Amino acid sequence: MDINYLDYLDDDLNYDWLEQTIRVPKRYIRDMQNSIEGFSDLQFFQRFRFPKYIVLEIILPMIYLDNMDCNFDRRGLKIDNITKVLIALRFYASGNDQRVNGDTLGYSQASVSIVVKEVSGLLAKCGKKWIRFPRAPNLQDTKEQFYLIGEFPGVIGAIDCTHVPIKSPGGDNAEIYRNRKGWMSLNVQIVCGPKMQIFDIVCRWPGSVHDSRIYNNSRVKLLIESNALAGNIFIYIYIYFNII
């Protein structure tokens, strides 16, 4: 027996309210795997060490603009390029186990390993294109930009070393990576420009090696001694040397 519940409604009552549509505010649930939208600018910077606009406007095009075919892992499951970049940056920034980083973004350890290898290789391929000294026609512009910063004439680069923490590599020679502050590192020499460009980088020396030794065995000194940069100045911490 079918029951029509409308037959039980009182005809004398006003049911106009049934015709009124009550609009309930729609709730938007963000996909937390989308770190661009899921994190605020500060949270994103704390996790990936770069602002969002640097990742979207510089790093992503720099790596994948000419490598758009790199879209699949070994099982054919598509991982979009921005996610690949974020997986690699999170791994670089945190130094965590690949499985931990994969769990954070929802990917397996194997996928993280493949992505980190791919992105690292593409970054290395970009090195010669982006890490280089300014060419002769641009040297004057570099000097002017440095002058606007500190009113110091003739400067084309700032050079210094920084210690990048690493885990102990183990073995008989592990202690050569222990720096004067007591922890394991690589002592990396960088020459940078007035707009935070990297003109030259040397990252092969263990933490116990002094800055002067790195400089004496670097390409920068070779360029100076060959007079390729004659008439220019490098700023080194609190001292400078004039190339004549």
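What is the volume of the largest pocket? In this predicted model, the largest pocket has a volume of about 1,900 Å³. Its lining is made up of 41 residues, and those that lie nearest the centre of the pocket are Phe50, Leu123, Ile131, Ile198 and Ile201. Both helices and strands take part, since the elements that give two or more residues to the lining are α3 (52-64), α4, α6 (109-130), α7 (136-150), β1 (155-165), β2 (185-192) and β3 (198-206). Of these contributions, the largest share comes from α6, which supplies six residues. When the residues of the lining are divided by class, 27 are nonpolar, eight are polar and six are charged.

Helix α4, which is among the elements that line the largest pocket, also packs against another helix. The axes of helix α2 (residues 41-48) and helix α4 (residues 81-94) come within 7 Å and cross at roughly 65°; because angles of 65 to 115 degrees count as roughly perpendicular, α2 and α4 are described as roughly perpendicular to each other. On the side of α2 the contact is made by Phe44, Arg47 and Phe48, while α4 contributes Leu86, Leu89, Arg90 and Ala93. By class, this contact of α2 with α4 comprises five nonpolar residues and two charged residues, with no polar residues.

Two of the α2 residues in this contact, Phe44 and Phe48, are also linked to each other through their rings. A pair of aromatic rings is described by the distance of the centres and the angle of the planes. Three aromatic pairs are found in a search of the whole structure, and phenylalanine 44 and phenylalanine 48 form a tilted pair, with 4.6 Å from centre to centre and 35° between the planes. Because phenylalanine 44 and phenylalanine 48 are four residues apart in helix α2, they are separated by about one helical turn.

A further helix contact involves α6, the element with the largest share of the pocket lining. Helix α5 (residues 98-105) and α6 pack at an angle of about 100°, their axes being 8 Å apart, and α5 and α6 are therefore roughly perpendicular to each other. Gln98, Arg99 and Gly102 of α5 make this contact with Gln109, Val112 and Ser113 of α6. By class, the contact of α5 with α6 has four polar residues, one nonpolar residue and one charged residue.

Technical notes. Residues are numbered from 1 along each chain as its sequence is written. This is a predicted model: local features need pLDDT of at least 70, side-chain atom pairs count only at pLDDT 80 or more; totals for chains, interfaces and linings use all residues. Side-chain values use heavy atoms; hydrogens and water are left out. Axes are lines fitted to C-alpha atoms, for helices over the stretch in contact, and angles run from 0 to 180 degrees between N-to-C directions. Angles under 35 degrees count as roughly parallel, over 145 as roughly antiparallel, 65 to 115 as roughly perpendicular and the rest as oblique. Contact means heavy atoms within 4.5 Å. Ala, Val, Leu, Ile, Met, Phe, Trp, Tyr, Cys and Pro count as nonpolar, Asp, Glu, Lys and Arg as charged, and the others, Gly among them, as polar. On a 1 Å grid over the protein atoms alone, a cavity is a set of points where a 1.4 Å probe fits but cannot get out, and a pocket is an open set with protein on both sides within 12 Å along at least five of seven lines; lining residues have an atom within 4 Å of a point. Grid points are joined across faces, edges and corners, and a volume is the space filled by probe spheres set on the points. Rings of Phe, Tyr and Trp (its six-membered ring) pair if their centres lie within 6.5 Å; planes under 30 degrees apart count as stacked, over 60 as edge-to-face and the rest as tilted.
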